[in-house]
Amino acid sequence: MTIKDVAARAGVSVGTASRVLSGSTSTSAASREQVRAAAAELGYRPDARARALRSARSHAVALLVSDVRNPFFADIAHGAEQAALASSYVTLLANANEDTVQQDTYLEAFLTQRVDGIIIAPQGEGSGNLRDIEQARLPLVFVDRTVEGFDVPSVTADNAQGVDLALAHLASQGHTRIGFIGGPMAVSTGRARHDAFLRSVARHGLDDDPELIAAGDFRSASGGTAAARLLAARRPPTALLAADSLMAVGALGEVRRQGLRIGRDLALVAFDDIEWFGELDPPITVVAHSARELGETAMRLLLEVIEGRPAESVVLPMELVVRQSSACRQATGEQPSVLLTPGPRPGTA
């Protein structure tokens, strides 16, 4: 919708509509009421970019991450920001807080601000404001997560590969009852890792007891709650796989509260490496990929879209970094004769 459409619906001149929508008080109260009502009916939003020359760019892009407190997303943001600066763009960082309402608040702002494009780790299954971004043809790239039905480039990790690496490792240690702390099914990574877990359990001939699956919300507290539920099962698991780093932290706390020892009484593997996982006692085994590379790649794709060039989606491989948290051997109850040393931490300096 354009300001001409608003003026026609309100029955006023384009100049009057423009003054009302720019906040001017040099119009009658009746005109202001008519114009605002027409704008609301038509879903019109003032476009800051349209006020500049059509060929002009702000050289500012927006990055909306799922949870700014999560070190994984902080590393994504850092990678994207540095890649933007290298191409003379600045990055506006926003936090969805794992909440679709907060996501919509920022998307609404991005629609009216002068940004050249948006990178987003989306919440949910595609909110109205996310559709508005797509329909406005504002350059858009998904990072880490995707939403079905959106034809936009994305950069994600090979979640199926990551889950299979973790379960193959735990199975090689003799574990057959592996508990899974999954993410919310409303998020693409939550669904992908859950489905991959079921397939990998079948592939490796592991116990497919439904009591071995508990859902969290990609936050620490939910990881503790899920771990408590799994450990309270009639036949508790001998190993845990947490679908993200914060839920792994929550699980680790709950295991310790119950007087159990990670790496001896219970094995633990986490998704996504963070800098201090290798410094814990014991160091945490992870399936990881470079969060920094996710951010850098997402920014590269966004700049390609902004420049009008084709941008293809990218899936990054995952790797298993074996540390002592998964050292306990279920089949023999023995520790390895040689302790595993902490591996490299992808995505960290």
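In the predicted model, L241 has V269 of strand 9 as its bridge partner. This contact belongs to the pairing of strand 8 with strand 9, which is parallel and extends over four bridges. Strand 9 (residues 267-271) is also joined to strand 10 (residues 285-288), again in the parallel sense, by three bridges. In that pairing V269 stands opposite T285 of strand 10. V269 thus has a bridge partner in strand 8, namely L241, and faces T285 in strand 10.

The surroundings of strand 9 were examined next. Five of the five residues of strand 9 are buried, so the strand is largely enclosed by the rest of the structure. In a regular strand, side chains point alternately to the two faces of the sheet. Both faces of strand 9 are covered: A267, V269 and F271 are buried on one side, and L268 and A270 are buried on the other.

These strands form part of an open sheet of six strands with mixed pairing, in which the order is 7-6-8-9-10-12. At its edges stand strand 7 (213-215) and strand 12 (319-321), each of which pairs on one side only. From one strand to the next, the twist of this sheet averages 20 degrees. Helix 7 (residues 159-172) packs on the sheet, where it touches strand 6 (178-182), strand 8 (239-242), strand 9, strand 10 and strand 12. The direction of helix 7 makes about 170 degrees with that of strand 9. Helix 10 (residues 245-257) lies across strand 6, strand 8 and strand 9, and runs at about 160 degrees to strand 9.

Another open sheet of six strands has parallel pairing and the order 2-1-3-4-5-11. Strand 2 (90-95) and strand 11 (314-316) occupy the edges of this sheet; each has a single partner strand, so one side of each is left without a neighbour in the sheet. The twist here averages 15 degrees from one strand to the next. The partner of strand 2 is strand 1 (residues 60-65), and the two pair in the parallel sense over six bridges. Within this pairing, V65 is positioned opposite N95 in strand 2.

The internal space of the model was also considered. One cavity of 30 Å³ or more was counted, and the volume of the largest cavity is about 80 Å³. Its lining consists of N70, F72, F73, E98, D144, R145, T189, R193, F218, D244 and D272. Helix 4 (71-86) and helix 8 (188-203) are the elements that give two or more residues to this lining. By class, the lining of the largest cavity comprises three nonpolar, two polar and six charged residues.

Among the open spaces, the second largest pocket holds about 210 Å³. The residues that line this pocket are E134, R137, L138, P139, L140, D151, V152, P153 and V305. Six of the residues lining the second largest pocket are nonpolar and three are charged, while no polar residue is present.

Note on methods: Residues are numbered from 1 along each chain as its sequence is written. This is a predicted model: local features need pLDDT of at least 70, side-chain atom pairs count only at pLDDT 80 or more; totals for chains, interfaces and linings use all residues. Side-chain values use heavy atoms; hydrogens and water are left out. Two strands pair if DSSP finds at least two bridges between them. Axes are lines fitted to C-alpha atoms, for helices over the stretch in contact, and angles run from 0 to 180 degrees between N-to-C directions. On a 1 Å grid over the protein atoms alone, a cavity is a set of points where a 1.4 Å probe fits but cannot get out, and a pocket is an open set with protein on both sides within 12 Å along at least five of seven lines; lining residues have an atom within 4 Å of a point. Grid points are joined across faces, edges and corners, and a volume is the space filled by probe spheres set on the points. Ala, Val, Leu, Ile, Met, Phe, Trp, Tyr, Cys and Pro count as nonpolar, Asp, Glu, Lys and Arg as charged, and the others, Gly among them, as polar. Contact means heavy atoms within 4.5 Å. Buried means under 20% relative accessible area, exposed over 50%, partly exposed in between (1.4 Å probe, protein chains only).
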